Amino acid sequence: MCPCIILTLTLYYLNSAGAAEPEDQVQIQVLFRPEECNRKSKKGDLINAHYDGFLEKDGSQFYCSRSDKQGHPQWFVLGVGQVIRGLDVGMMDMCAGEKRKVTVPAALAFGQTGKGPVPPNATVVFEVEVLSVSRGPRSMEAFGQMDLDQDKSLTKGEVKEYLKLEYEKGGKPRDEPFYEKILADIFWKSDKDQDGQISAKEYNIYERDEL
Ligand SMILES: *[C@@H]1O[C@H](CO)[C@@H](O)[C@H](O)[C@H]1NC(C)=O
Ligand SMILES: [Ca+2]
Ligand SMILES: [Ca+2]
């Protein structure tokens, strides 16, 4: 038996005029929560998750991360804009193994214009399953630890050392291709000027204000 918990987070998303729009709510339904939970997801964590997307109005599926990874990473850093706002918010405090249904209004999803198969002003529903939660390379604390030569810039080698250490600490060392895959993804998203390093400035875009 799986008790389903429904909780609604009311998020006062500030519009350009600075006024709160209370209709912009993310609704979270916990479908499954494992008994054991060592770590709950928080901003800056590296998350590995599946998420399937549906339109609320007719239930049609517009995205499935299990079969389509193009532009929709399985790996992402939570809370920093790598996924739509509604998921950044709706996937906080999740345990590895947890499943949720997250209902996201257009303002926190694809907006007034929509995107691809998602029409304008569409409320979308994501069924998410978190496979792992680990401390991401995005905390300022982590930046200092990763930047081995202290030149305020991160090379792939530096980030990789850090990832390896984190996984080994967690008792789950992984193979080389595994790290390469995460690294490629991290650099693809973060190394904006593509010089092969993540500068403090490129890193800093992740240090946005908390909600
Ligand atoms: C989407 O919503 C906005 C704001 O309510 C409205 O101005 C716009 O016409 C809507 N677009 C469509 C295609 O319904
Ligand atoms: Ca460095
Ligand atoms: Ca760079």
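This report describes the fold, strand pairing, cores and selected residues of a predicted model.

## Overall composition

The protein chain contains five helices and 11 strands. Of its 211 residues, 27% count as buried. Among the contacts in the protein chain with a separation of 6 or more, 62% are accounted for by residues 24 or more positions apart.

## Pairing around β5

Strand β5, which covers residues 46-55, pairs with β9, β7 and β6, and each of these pairings can be described in turn. With β9, which spans residues 124-134, β5 runs antiparallel and is joined by 10 bridges; within this pairing, A49 has V130 as its bridge partner in β9. With β7, residues 75-77, the sense is again antiparallel, over three bridges, and L46 is matched there with V77.

The pairing of β5 with strand β6, residues 61-64, is antiparallel and made by three bridges. In this pairing D52 stands opposite C64, while G53 has Y63 as its bridge partner. The two strands form a hairpin with five residues between them, in which G59 takes a positive phi near 75 degrees.

## The nonpolar cores

The largest nonpolar core holds 28 residues, and those touching the most other members are I47, V102, V104, F126, V128 and V130. Two or more residues of this core are given by each of β4 (25-32), β5 (46-55), β7 (75-77), α1 (85-90), β8 (99-104) and β9 (124-134). The largest share, six residues, comes from β9. Apart from this core lies another one, of nine residues, which include M146, L154, L163 and Y203.

F126, one of the residues in the largest core that touch the most other members, shows how several parts of the chain meet. Not counting residues up to four places away in sequence, F126 touches Y51, D52, G53, L87, V102 and V104. Among these, D52 and G53 also have partners in β6, namely C64 for D52 and Y63 for G53.

## L87 in helix α1

L87 is placed in helix α1, and it counts as buried because it has 26 C-beta neighbours inside 10 Å. When its neighbours within four places in sequence are left aside, L87 is in contact with Y51, V102 and F126. The C-alpha atoms of L87 and L108 are separated by 8.4 Å, although these two residues are 21 places apart along the chain.

## Helix α4 and its two sides

Helix α4 comprises 15 residues, 176-190, and reaches 21 Å from its first C-alpha to its last, which is close to the 21 Å expected at 1.5 Å a residue. Its buried residues are I182, I186 and S190. Seen down the axis of α4, these buried residues fall within an arc of 50 degrees, and therefore they line one face of the helix. On the other side of α4, the exposed residues are E176, P177, E180, A184 and W188.

## Positive phi outside glycine

Most residues other than glycine have a negative phi, and two loop residues are described here against that background. N121, in the loop between β8 and β9, has a phi near 55 degrees, a positive value in a residue other than glycine. N121 counts as partly exposed because it has 14 C-beta neighbours inside 10 Å.

Q194 lies in the loop between α4 and β11, the latter covering residues 197-199. Its phi is near 50 degrees, again a positive value in a residue other than glycine. With 8 C-beta neighbours inside 10 Å, Q194 counts as exposed.

Definitions and conventions
Residues numbered from 1 in each chain as written. Chains lettered and ligands numbered in written order. Predicted model: local features only at pLDDT ≥ 70, side-chain atom pairs only at ≥ 80, totals over all residues. Core = buried A, V, L, I, M, F, W, Y, C linked by C-beta atoms within 7 Å. Buried ≥ 20, exposed ≤ 12 C-beta atoms within 10 Å, placed from the backbone. Helix = DSSP H or I, 4+ residues; strand = E, 2+ residues; numbered from the N terminus. Contact = placed C-beta atoms within 7 Å. Pairing = 2+ DSSP bridges. Expected span 1.5 Å × (residues − 1). Arc of directions from axis to C-beta.
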